[in-house]
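Student: I should like to go through this structure with a tutor, one question at a time.

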Amino acid sequence: MSHFRPELRQRAEETVALYPERRSAMLPLLHLAQEQDGYLTDEGMIEVAELTGTTPAEVRGTAAFYDMFHLEPVGKYVVGVCTNIACLLAGGEELLAHASETLGCAVGATSADGLFTLEETECLADCNIAPCVQVNHRFVRTTTPDALDALVADLRDGKREDEIPPHGTLIRVKRSGGLRVSRQQIADERTRERAAREERTAKEGQ
Ligand code: FES
């Protein structure tokens with residue numbers, strides 16, 4: 001039985017079909033798994049392994065390499081405060097300490113109500129609005145303690161849900177047209193590529 005919800009399972013299968021090698025779909029599939037559960041569960045990673053023809057250990061090893069994937073439960077909102085050089089000079093460390101106080105959790109931890117996880121980040125590439133804060137990978141342009149408190153109050157009250165979806169959601173607009181080519185065409189293309197690769201390898205071995 002699939003761990004993915006039916007619509008996510010369908011999106012996962014369509015995504016796999018887009019790649020010449022199934023394993024190349026691993027990262028987009030991990031994002032789908034994280035979108036469903038908020039973090040990468042064992043069940044989600046097992047399903048990604050099955051879909052990509054890899055092992056759960058390979059999936060876990062890949063996911064562990066990337067900051068955007070979480071292997072443990074996180075809050076509905078992952079708040080990241082940058083303390084890299086531009087943000088450091090603009091008060092990033094002080095804002096991070098303030099965020100820890102406001103959210104009621106240490107850096108790297110999740111608040112008791114499960115709503116927030118606080119992270120210290122490297123440069124988020126928005127250095128001109130420093131110190132830079134992201135929530136669920138959305139820039140929130142919140143540079144002062146007061147602005148951060150207002151943001152947190154809004155999040156607690158559910159007032160920013162249009163702007164900031166729950167953790168794991170990369171984008172809410174989904175491709176609706178399905179694949180523009182049939183699965184058979186993709187399968188044929190894969191077969192041709194595999195044959196060409198084998199032929200080239202055979203020639204190189206002569
Ligand atoms: S140094 Fe903080 S966003 Fe670049």
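The discussion below takes up the domains, the helix contacts, the sheet and the backbone of this predicted model.

Student: How far apart do the C-alpha centres of domain 1 and domain 2 lie?
Tutor: The chain is divided into domain 1 (1–73), domain 2 (77–156) and domain 3 (176–206). For domain 1 and domain 2, the distance between the C-alpha centres is 28 Å.

Student: Which term describes the direction of α1 relative to α2, parallel or antiparallel?
Tutor: Helix α1 covers residues 6–17 and helix α2 covers residues 26–37. Their axes come within 10 Å and cross at roughly 170°. An angle over 145 degrees counts as roughly antiparallel, and therefore α1 relative to α2 is roughly antiparallel.

Student: Which residues of α2 meet α1, and how does the contact divide by class?
Tutor: From α1, the participants are Leu8, Arg11, Ala12 and Thr15. They meet Pro28, Leu29, Leu32 and Gln36 in α2. By class, the residues of this contact of α1 with α2 are five nonpolar, two polar and one charged.

Student: What is the direction of α2 relative to α3, and what is the hand of their crossing?
Tutor: Helix α3 spans residues 42–52, and its axis lies 10 Å from that of α2 at an angle of about 150°. Because angles over 145 degrees count as roughly antiparallel, α2 is roughly antiparallel to α3. The hand of the crossing of α2 and α3 is right-handed.

Student: Which residues form the contact of α2 with α3, and how many of them are charged?
Tutor: α2 contributes Met26, Leu29, Leu30, Ala33, Gln36 and Asp37. Opposite them, α3 contributes Gly44, Met45, Glu47, Val48, Leu51 and Thr52. The contact of α2 with α3 divides into seven nonpolar residues, three polar and, as charged residues, two.

Student: How is α3 oriented relative to α4?
Tutor: Helix α4 (residues 56–65) packs on α3 at an angle of about 110°, and the axes are 8 Å apart. The range from 65 to 115 degrees counts as roughly perpendicular, so α3 relative to α4 is roughly perpendicular.

Student: Which residues make the contact of α3 with α4, and how many are polar?
Tutor: On the α3 side are Met45, Ile46, Val48 and Ala49. On the α4 side are Pro56, Glu58, Val59, Arg60 and Ala63. The contact of α3 with α4 has seven nonpolar and two charged residues, and the number of polar ones is no polar residue.

Student: Which are the edge strands of the sheet?
Tutor: The sheet is open, with mixed pairing, and its four strands follow the order β2-β1-β3-β4. An edge strand pairs on one side only, which here applies to β2 (116–121) and β4 (138–139).

Student: Which residue in β2 stands opposite Val81?
Tutor: Strand β1 (residues 77–82) runs parallel to β2, and six bridges join them. Helix α6 (residues 92–103) lies across β1 and β2, at about 155° to β1. Opposite Val81 stands Glu120.

Student: Which peptide bond is cis, and where is Pro131 found?
Tutor: Most peptide bonds are trans. The bond from Ala130 to Pro131 is cis, with omega near -5°. Pro131 is found in the loop between β2 and β3 (133–135).

Student: What is the value of phi of Ala125?
Tutor: Most residues other than glycine have a negative phi. Ala125, in the loop between β2 and β3, has a positive phi, near 65°.

Note on methods. Residues are numbered from 1 along each chain as its sequence is written. This is a predicted model: local features need pLDDT of at least 70, side-chain atom pairs count only at pLDDT 80 or more; totals for chains, interfaces and linings use all residues. Two strands pair if DSSP finds at least two bridges between them. Helices (H or I, at least four residues) and strands (E, at least two) are DSSP runs, numbered from the N terminus. Two residues are in contact if their C-beta atoms, placed from the backbone, lie within 7 Å. Axes are lines fitted to C-alpha atoms, for helices over the stretch in contact, and angles run from 0 to 180 degrees between N-to-C directions. Domain bounds come from an automatic or database domain assignment. Angles under 35 degrees count as roughly parallel, over 145 as roughly antiparallel, 65 to 115 as roughly perpendicular and the rest as oblique. Ala, Val, Leu, Ile, Met, Phe, Trp, Tyr, Cys and Pro count as nonpolar, Asp, Glu, Lys and Arg as charged, and the others, Gly among them, as polar. A crossing is left-handed if the near helix is turned anticlockwise from the far one by less than a right angle, and right-handed if clockwise.
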